[in-house]
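Visitor: I would like a close look at a single part of this model. Could you pick one residue, describe its surroundings, and then work outward to the rest of the chain?

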Amino acid sequence: MDRVFSIHSENGSIFTLKPLDRESSPWHNITITATEINNPKQSSQIPVFIRILDINDHAPEFAMYYETFVCENAKSGQLIQTISVMDKDDPPRGHKFFFEPVPEFPLNPNFTIVDNKGNMQSCNAEALMLAAGLSTGALIAILLCVLIL
C-alpha cells in the first residue's frame, strides 16, 4: 500500500506524505509501535484513527443535463423546470444554494437555438394526455374495452 502518513522516530509526530482527500477516504486507520531503544523487546502498539475534515473544495454540480421545453403561449409564472444540484462537500449545517440566470450577453455561448422542423407535438392537446401517460390510441382502446364490457 502507498503510505499516506509518516511518523518522526524520535518524538512521535505524525506527518502526511501526500495530499488527503476526504471525498475518497474520510478516515485513515494506522497502527503506531513504540519501542524502547535500549530494550527492543519492550514495545507496545496503539491504533490511531485519523478523521479527515472537509473543506469547501468542490463547486455544486448539476444533478443531470437538462433539456427543457415550453410552449410559446405559456402563461407568465408557469413552472417549466426545476433544476437540482449536489455538492460533494460535507457542510456542518447542510448545503444552501441560490440560482440565477447567467447575465445576457449579445452572443451567449451557453444558449443555442435548435429548429424542431415543425414538430409541435409538445404543445398540442395530445401532449397533455402524454404528460398524463395516455396517448390518443390508448384512450380509444380503453373506450372500446368499456363499450365491449
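Guide: Let's take Asp 87, which is buried yet has no salt bridge. Its nearest side chain of opposite charge belongs to Arg 22, 7.4 Å away. Here buried means under 20% relative accessible area, exposed over 50%, and partly exposed in between (1.4 Å probe, protein chains only). A salt bridge needs a side-chain nitrogen of Lys or Arg within 4 Å of a carboxyl oxygen of Asp or Glu. For charge, Lys and Arg count as positive and Asp and Glu as negative, while His and the chain ends are not counted.

Before going on, please keep in mind that this is a predicted model, in which local features need pLDDT of at least 70 and side-chain atom pairs count only at pLDDT 80 or more, while totals for chains, interfaces and linings use all residues. Residues are numbered from 1 along each chain as its sequence is written, and side-chain values use heavy atoms, with hydrogens and water left out.

Asp 87 sits in the loop between E6 and H1. Helices (H or I, at least four residues) and strands (E, at least two) are DSSP runs, numbered from the N terminus. Not counting residues up to four places away in sequence, Asp 87 touches Asn 56, His 58, Ala 59, Pro 60, His 95 and Phe 97; contact here means heavy atoms within 4.5 Å.

Two of these neighbours deserve a stop. Ala 59 belongs to the loop between E4 and strand E5 (61–62). Ala 59 counts as exposed because its relative accessible area is 53%, whereas Asp 87 is buried. Beyond four places in sequence, the contacts of Ala 59 are Met 86 and Asp 87. Ala 59 and Met 86 are 27 residues apart along the chain, with 8.8 Å between their C-alpha atoms. Met 86 also gives us a reference point for Met 64, which lies 22 residues from it in sequence and 10.0 Å from it in space, C-alpha to C-alpha. Met 64 is in the loop between E5 and E6 and is exposed, at 52% relative accessible area.

The other neighbour is Phe 97, which joins Phe 62, Ile 83 and Phe 99 in a nonpolar surface patch of about 390 Å². Patches take residues with over 30% relative accessible area and no salt bridge: like charges are joined within 9 Å, and nonpolar side chains (Val, Leu, Ile, Met, Phe, Trp, Tyr) within 5 Å. The areas themselves come from the Shrake-Rupley method with a 1.4 Å probe, and for residues only the protein chains shown count as cover. Phe 99 is placed in the loop between strand E6 (85–86) and helix H1 (125–131).

What about Arg 22? Its side chain meets that of Glu 23 in a salt bridge, 3.0 Å from N to O. Side chains of opposite charge can pair when their charged atoms come close. The structure holds one salt bridge. Arg 22 is buried, with a relative accessible area of 17%, and Glu 23 counts as partly exposed at 25%.

Moving to the strands, His 28 in strand E3 (residues 27–35) is buried because its relative accessible area is 15%. Leaving aside sequence neighbours within four places, its contacts include Val 4, Phe 5 and Phe 49. Val 4 and Phe 5 are also touched by Phe 15, a residue of strand E2 (residues 14–16) that is partly exposed at 43%. Ser 43 in strand E4 (residues 43–51) contacts Thr 33, Ala 34 and Thr 35 beyond that same four-place window.

Finally, the whole chain: six strands and two helices, in the order β-β-β-β-β-β-α-α. Of its 149 residues, 9% count as buried. The mean pLDDT (the predictor's confidence in each residue, from 0 to 100) is 77, and 74% of the residues reach 70 or more. Among the elements, E4 has the highest mean pLDDT, 95, and H1 the lowest, 49.
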